[in-house]
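Grab a coffee and open the viewer. Below are a few exercises, each with a solution that goes step by step.

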Amino acid sequence: MCDKINLNAMGGHIVKILEARFITHDVKRFKVEKPEGYDFIPGQATVISLNLPDWKDEIRPFSFTNLREAKYLEFMIKIYDDHNGVTKMLGKANADDELIIHDVFGAIHYDKPGVFIAAGSGITPLISIFRDLYNQNKLRGNRLIYVNKTMDDVIMGEELFKMLKKDFVNVLTRQNVIGYREKRIDRNYLIEHIIDFSQYFYVCGPDDFVKEITTILLDLGAKPKSLIFEI
Ligand SMILES: Cc1cc2nc3c(=O)[nH]c(=O)nc-3n(C[C@H](O)[C@H](O)[C@H](O)COP(=O)(O)OP(=O)(O)OC[C@H]3O[C@@H](n4cnc5c(N)ncnc54)[C@H](O)[C@@H]3O)c2cc1C
């Protein structure tokens, strides 16, 4: 999920950060101005850079998490503080600082009810999809399997639980917390937890995770046309 995209030649919209705050130990939520006429489909992303002389050509992809109708744009961004990249700079950015956002793109979109399987910050495009479906009272019939290392890494856990209730399966791989499953999402897990492999699957997370899960799902009978993912 971390391809660098060289779009220096592309035009962009300069937008002000309206609000910025950490929502987990390493994920920061940004509300930013929405340019006139700017629109996206829930699940899509854009590329962003900081409007600073040395950084404005360093663009990175991030997914929208807000409702399409909102008057602002929202992003939830995992900050990698251990190297001097764009997210480290975003970790220092605050209200009134400026970003440059570009065109929208992305393969993740909602088609039919199914199972969403996400890891870590791979949840972000799904937040926009779930918020949209919840708002339209169409979320029923969808299930989320969300995998993180520990409870502290879960992004928007309360809201996801409020929206999905028993259909939110919170999987923690490195922490034993009562009420949560400590397990790896592997072939056995999917066989144990999914009865119908002919339904739709949406997979989102780090490249290795997406490759591994989609390969297993196809092997277990999922149809390529019912498998929606982005690498
Ligand atoms: C379509 C799409 C949508 C995305 N949406 C989101 C989103 O909504 N929220 C989100 O948080 N992320 C999202 N990502 C991922 C995000 O784009 C990357 O995390 C971001 O580009 C990292 O930028 P960076 O400059 O900080 O790191 P880069 O310098 O570009 O490094 C890339 C990756 O290297 C790894 N790395 C870790 N430590 C080091 C180190 N010491 N040196 C070098 N590399 C290291 C990290 O895994 C990092 O992601 C999305 C990616 C794609 C493709």
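**Exercise 1. Find the residues that touch the most other members of the largest nonpolar core, and work out where this core lies.**

Solution. Keep in mind that this is a predicted model.
Step 1: the largest nonpolar core has 54 residues, and Ile117, Ala118, Leu126 and Tyr202 touch the most other members.
Step 2: look for the element that gives the largest share; that's strand β7 (residues 114-119), with five residues.
Step 3: domain 1 (13-105) and domain 2 (114-229) both contribute residues, so the core lies between them.
As background, nonpolar side chains in soluble globular proteins tend to be buried together.

**Exercise 2. List the contacts of Ile117, leaving aside neighbours within four places in sequence.**

Solution. Skip those sequence neighbours, and you're left with Ile145, Ile185, Phe201, Val203 and Ile213 in contact with Ile117.

**Exercise 3. Describe how the two domains meet.**

Solution. Step 1: get the bounds from the domain assignment of the protein chain, which gives domain 1 (13-105) and domain 2 (114-229).
Step 2: take the centres over C-alpha atoms; they sit 24 Å apart.
Step 3: count the contacts, and you find 15 residues of domain 1 in contact with twelve residues of domain 2.
Step 4: sort the domain 1 side by class, which gives seven nonpolar, six polar and two charged residues.

**Exercise 4. Is Val210 buried or exposed, and where is it found?**

Solution. Step 1: locate Val210 in helix α5 (residues 207-219).
Step 2: apply the cut-off, where 20 or more other C-beta atoms within 10 Å make a residue buried.
Step 3: Val210 has 20 C-beta neighbours inside 10 Å, so Val210 counts as buried.
Step 4: now check Val210 against Leu126; they're 84 residues apart along the chain, and their C-alpha atoms are separated by 14 Å.

**Exercise 5. Work out how β5 is covered and how β5 pairs with strand β2.**

Solution. Step 1: five of the seven residues of β5 are buried, which leaves this strand mostly covered.
Step 2: strand β2 (residues 27-33) pairs with β5 in the antiparallel sense, over seven bridges.
Step 3: for a spot to click on, Val32 stands opposite Leu73 in β5.

**Exercise 6. What surrounds the ligand?**

Solution. Step 1: the ligand has 24 residues around it, with Arg60, His83, Gly85, Thr87 and Thr124 the closest.
Step 2: at least two residues of the shell come from each of β4 (60-63), β5 (72-78) and α1 (86-92).
Step 3: by class, the shell splits into ten nonpolar, seven polar and seven charged residues.

Note on methods: Residues numbered from 1 in each chain as written. Predicted model: local features only at pLDDT ≥ 70, side-chain atom pairs only at ≥ 80, totals over all residues. Near = placed C-beta within 6 Å. Helix = DSSP H or I, 4+ residues; strand = E, 2+ residues; numbered from the N terminus. Nonpolar A, V, L, I, M, F, W, Y, C, P; charged D, E, K, R; others polar. Core = buried A, V, L, I, M, F, W, Y, C linked by C-beta atoms within 7 Å. Buried ≥ 20, exposed ≤ 12 C-beta atoms within 10 Å, placed from the backbone. Domains from an automatic or database assignment. Contact = placed C-beta atoms within 7 Å. Pairing = 2+ DSSP bridges.
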